[in-house]
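Got your viewer open? Load the model, switch to cartoon, and we'll walk through it stop by stop.

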Amino acid sequence: MRKATLVAALLLLTPTISEAKTLEELLVEKGVITRGEASGASESGASKVYWNRGTRVEFPDTGFTSSIATELQTRYEFTDNDLGMGNASSFTVNRARLIIEGTALNKEFSYRLSTDFISAADSDANFGASPSIRDAYIDWRPCIDDTGVRMGAFKTGISRQFNTNQSTMQFTDRSAASEYFTIGRQNGAMAYTALADGMVTGSAGIFNGESDGEGANSAGFDTRQIGVANLRVNPIGKMDVAEEGDIDWTEDAALSFGAAYAYSAAYSSDAADATGGVSRSLVNIDANFKYMGWSLHSEYYFQDVQNSDSTSSSAFAAGKPSGFYAQGGYFLMPKKLELAARYGYIDCDEGTAGRSCQGVDNYNETAATINYYFWRHS
């Protein structure tokens, strides 16, 4: 994570291990055998414990791995308030997370459990302000790494920046537009795949929904759910869009374009009609570029909420807000010192939209940052 003025962060992240493929792994990729079957044919080896951006334990004999990581962010903020409000000077612990991940049966199954003991009130915690479980899911990939099914509690897929971990963002916080146009985390299931050697990826998922009483870590009580579909294309080379900024100093220019759509049918107790029916459509498009220390990340959002109760102050207040942000950066010192700037805008549909848009015509956001990386994002 970036080390910036007034922000100190310590991250120990789960490593990604790169190794030569065995015969069993090649047979699994071709669909000849499953990962579970491959575990019986794998060579035995001694278990090992080591550190690589986190503590990792491997058991080659059984095909199991496990890792544990921590993520801490402390912050100082001075807020100069207008409109007669008093100024504020505050020290906070903005994030205090424990992350446990692992695999089973030679990576046929994997899991992630992430908790936050602070849960800052942002979209990453579904606007919560108390300790909570962030991720709790299991993946099943029977044949190849890029195709599988996920089930549990996780991010729904709307907004590239929302789906980027805070530890690999270019700024300390997400754009205001990304925070507003999100569904957050939900309990559900999702299928995903990749084509053309990872140049095209896609996913589709279904989640419990947003009816009153539902949400992150909550069970569904009706049949009104959320459907989300994603598509991403990398036309001139692979790009890790979950890592903002060009910290790797990309020598060949890389582009990535993504699109996501979500539809939610929910019950709202404050709706005026007899059925309490509310619907929300959310569209998100993003574009990303990296080359020789330069980076550009941008997204556009459009939301259409249909609700007969126009006075509702909930997230389902009727309206058609839209917004965008664009941020760019450059490394003055390759892989070490970076300058970045961002502009964002939210059109609140003349103040009719819900949540923070209620009674507000529009938002304008400007931000700048100086980042120094001691050891990548760790």
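Here is the tour, from the whole chain down to single residues.

**Before you click**

This is a predicted model, where local features need pLDDT of at least 70, side-chain atom pairs count only at pLDDT 80 or more, and totals for chains, interfaces and linings use all residues. Residues are numbered from 1 along each chain as its sequence is written, and side-chain values use heavy atoms, with hydrogens and water left out.

**The whole chain**

Start zoomed out: the protein chain has three helices and 17 strands. Those are DSSP runs numbered from the N terminus, helices being H or I of at least four residues and strands E of at least two. Of the 378 residues, 44% are buried; buried means under 20% relative accessible area, exposed over 50%, and partly exposed in between, with a 1.4 Å probe and protein chains only.

**Stop 1: strands 2, 3 and 4**

Select residues 48-51 and 55-59, which are strand 2 and strand 3. They run antiparallel and are joined by four bridges (strands pair if DSSP finds at least two bridges between them). Look for Lys 48, whose bridge partner in strand 3 is Glu 58. Three residues sit between these strands in the hairpin, and Arg 53 takes a positive phi near 55 degrees.

Now add residues 64-79, strand 4, which is antiparallel to strand 3 with five bridges. Glu 58 turns up again here, with Thr 65 as its bridge partner in strand 4. This hairpin has four residues between its strands, and Gly 63 in the turn has a positive phi of about 75 degrees.

Show the side chains of strand 3: Arg 56 and Glu 58 point to one face and are buried, while Thr 55, Val 57 and Phe 59 point to the other and are not.

**Stop 2: aromatic pairs**

How many aromatic pairs are there by the ring rule? The count is 13, taking rings of Phe, Tyr and Trp (its six-membered ring) with centres within 6.5 Å; planes under 30 degrees apart count as stacked, over 60 as edge-to-face and the rest as tilted. Pick Phe 109 and Trp 140: their centres are 6.3 Å apart and their planes at 20 degrees, so they are stacked. Phe 109 is in strand 6 and Trp 140 in strand 7, so the pair ties together parts 31 residues apart in sequence.

Next, select Trp 249 and Tyr 330, a tilted pair at 6.3 Å centre to centre with 50 degrees between the planes. Trp 249 lies in the loop between strand 11 and strand 12, and Tyr 330 in strand 15, so this pair ties together parts 81 residues apart in sequence. For a cluster, try Tyr 137, Phe 154 and Phe 207, which ring pairs link together.

**Stop 3: strands 15, 16 and 17**

Follow strand 15 (residues 322-333) into its antiparallel pairing with strand 16, over 11 bridges. Phe 324 has Tyr 345 as its bridge partner in strand 16. Three residues separate the two strands in their hairpin, and Lys 335 in the turn has a positive phi of about 65 degrees.

Strand 16 also pairs with strand 17 (residues 362-372), again antiparallel over 11 bridges. Here Asp 347 has Asn 362 as its bridge partner in strand 17.

Side chains on strand 16 alternate too: buried ones on one face include Glu 338 and Arg 342, while the other face, which is not buried, has Tyr 343 and Tyr 345 among its residues.
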